[in-house]
Amino acid sequence: MPQHRDAPTPSDHITVPARAPSNRWGLPLDAVLWPLFLLLATATQLGFKVASKPLEALDFGPQWLAIATGQPAFAAAVAGYIATFVVWIAILQRTALSVAFLLTALVYVTVTLGSALWLGEHLNPWQLAGIVIIFAGIALLGSVARPAPLISGKADT
Amino acid sequence: MKTELLILFPVSIACDVAGQVFFKLGAGRMAEIGHRTLPAFLSGLARDRWLMAGLLTFAVETLIWLRILAEVPLSIAFAIASLNFIGVTLASRLLFDEPVSALQWTGCILVTAGVAILAAASVG
């Protein structure tokens, strides 16, 4: 819902939740866009995985293509891909690329956890270690992105 | 084979970084125009040249990625691709003049390491 965006300024370098514009329901846009982005990106990957199941025994060819593209899961995943792109551009309109891109690492976490929860894949200790380290890195980022006059925009340049 | 990968991996990461830079440029230009409704935002999105350039870059990147996957297992390829987090942070700092604090760099390196470990551990 980027249409409610206030006029951007060159100092829009970093997300500042305290001053972030809200949508018509009074929710900060980040609180809507990020969960939506993670949900769409995760559902897209799980959708492709589900769509690949009936293809396991097939060789690549016209029949493979017909079965792959004929599945509802495939259509849903392609739609999910496009929707993820739209939400990503809406996020980039209002967030510094350096901050936003690091946050996309959460998709690795949600896809891994989603595969375990819904596709019955097993998690190993190293995967859990990776997830913990990703969270640690993002926690450090969170401490930078919090509203503080010192780091808002170009105030320090 | 080995020498080919030494070229393919950097090119793949460069494509990732360039694609995101194009997306950021397109998003920035769209924000300047200011689309007030969702249909206006979507039609602006479909027409933006920077966004097209970004999509094209990712199309090329997909082909390079397939070439890489033909040579190395997915878990290894993904672990190396996690370097794109460092690449995009560097590009944001250099090209868009975004402030990146020491704490943020530490976070970036942790995220890169975390994704690399998670990817390398995800086999099958």
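What follows is a chat about a predicted model with chains A and B.

Trainee: Before I get attached to this one, what are the ipTM and pTM scores?
Mentor: Keep in mind that this is a predicted model. The ipTM is 0.92 and the pTM is 0.81.

Trainee: And what does chain B average in pLDDT?
Mentor: Chain B averages 92, with 98% of its residues scoring at least 70. Within chain B, helix 4 (residues 74-81) has the lowest confidence, a mean of 88, while helix 5 of chain B has the highest, at 96.

Trainee: What about chain A? What's its average pLDDT?
Mentor: Chain A averages 79, and 73% of its residues score at least 70. Among the elements of chain A, the lowest mean pLDDT is 86, for helix 2 (residues 62-70). The highest is 94, for helix 4 (residues 97-103) of chain A.

Trainee: Where in chain A is the pLDDT below 50?
Mentor: Residues 1-5 of chain A are one such stretch, with 22 contacts in the model beyond near neighbours in sequence. Residues 7-20 of chain A are also below 50, and that stretch has 28 contacts of this kind. Where pLDDT is low, the predicted coordinates should not be read in detail.

Trainee: Good to know. Switching to the fold, how many helices and strands are in chain B?
Mentor: Chain B has six helices and zero strands. Along the sequence the pattern reads α-α-α-α-α-α. Its C-alpha atoms fill a box of roughly 50 × 35 × 25 Å along the principal axes.

Trainee: Now the interface. How many residues of each chain are in contact?
Mentor: There are 42 residues of chain B in contact with 40 residues of chain A.

Trainee: And what area is buried between them?
Mentor: About 3,700 Å² is buried between chain B and chain A, with carbon and sulfur atoms giving 74% of that. Helices 1, 2, 3, 5 and 6 of chain B each give two or more residues to the side that touches chain A.

Trainee: Which helix of chain B gives the most?
Mentor: That is helix 6 of chain B, with twelve residues. By class, the side of chain B that touches chain A has 25 nonpolar, twelve polar and five charged residues.

Trainee: How many salt bridges and polar contacts are there across the interface?
Mentor: The salt-bridge count between chain B and chain A is zero. For polar contacts, eight residue pairs are found across the interface, with both residues at pLDDT 80 or more.

Trainee: How many salt bridges does the structure hold over all chains, then?
Mentor: Six over all chains. One example is Arg94(A) with Asp30(A), whose side chains meet at 3.3 Å, N to O. Arg94(A) sits in helix 3 (residues 72-94) of chain A and Asp30(A) in helix 1 of chain A, so this pair ties together parts that are 64 residues apart in sequence.

Trainee: Nice. Last topic: how many aromatic pairs are there?
Mentor: Over all chains, the structure holds 13 aromatic pairs. Among them, Trp34(A) and Phe37(A) are edge-to-face, 5.6 Å centre to centre with 75° between the planes.

Trainee: How far apart are Trp34(A) and Phe37(A) along the helix?
Mentor: About one helical turn, because they are three residues apart in helix 1 (residues 29-52) of chain A.

How values were computed: Residues are numbered from 1 along each chain as its sequence is written. Chains are lettered from A and ligands numbered from 1 in the order in which they are written. Side-chain values use heavy atoms; hydrogens and water are left out. Contact means heavy atoms within 4.5 Å. Buried area is the accessible area (1.4 Å probe) that two parts lose on being put together, summed over both. A salt bridge is a side-chain nitrogen of Lys or Arg within 4 Å of a carboxyl oxygen of Asp or Glu. A polar contact is a pair of N or O atoms within 3.5 Å; within protein, one must be able to donate a hydrogen and the other to accept it, and residues adjacent in sequence count only if both atoms are side-chain atoms. Helices (H or I, at least four residues) and strands (E, at least two) are DSSP runs, numbered from the N terminus. Ala, Val, Leu, Ile, Met, Phe, Trp, Tyr, Cys and Pro count as nonpolar, Asp, Glu, Lys and Arg as charged, and the others, Gly among them, as polar. pLDDT is the predictor's confidence in each residue, from 0 to 100. Rings of Phe, Tyr and Trp (its six-membered ring) pair if their centres lie within 6.5 Å; planes under 30 degrees apart count as stacked, over 60 as edge-to-face and the rest as tilted.
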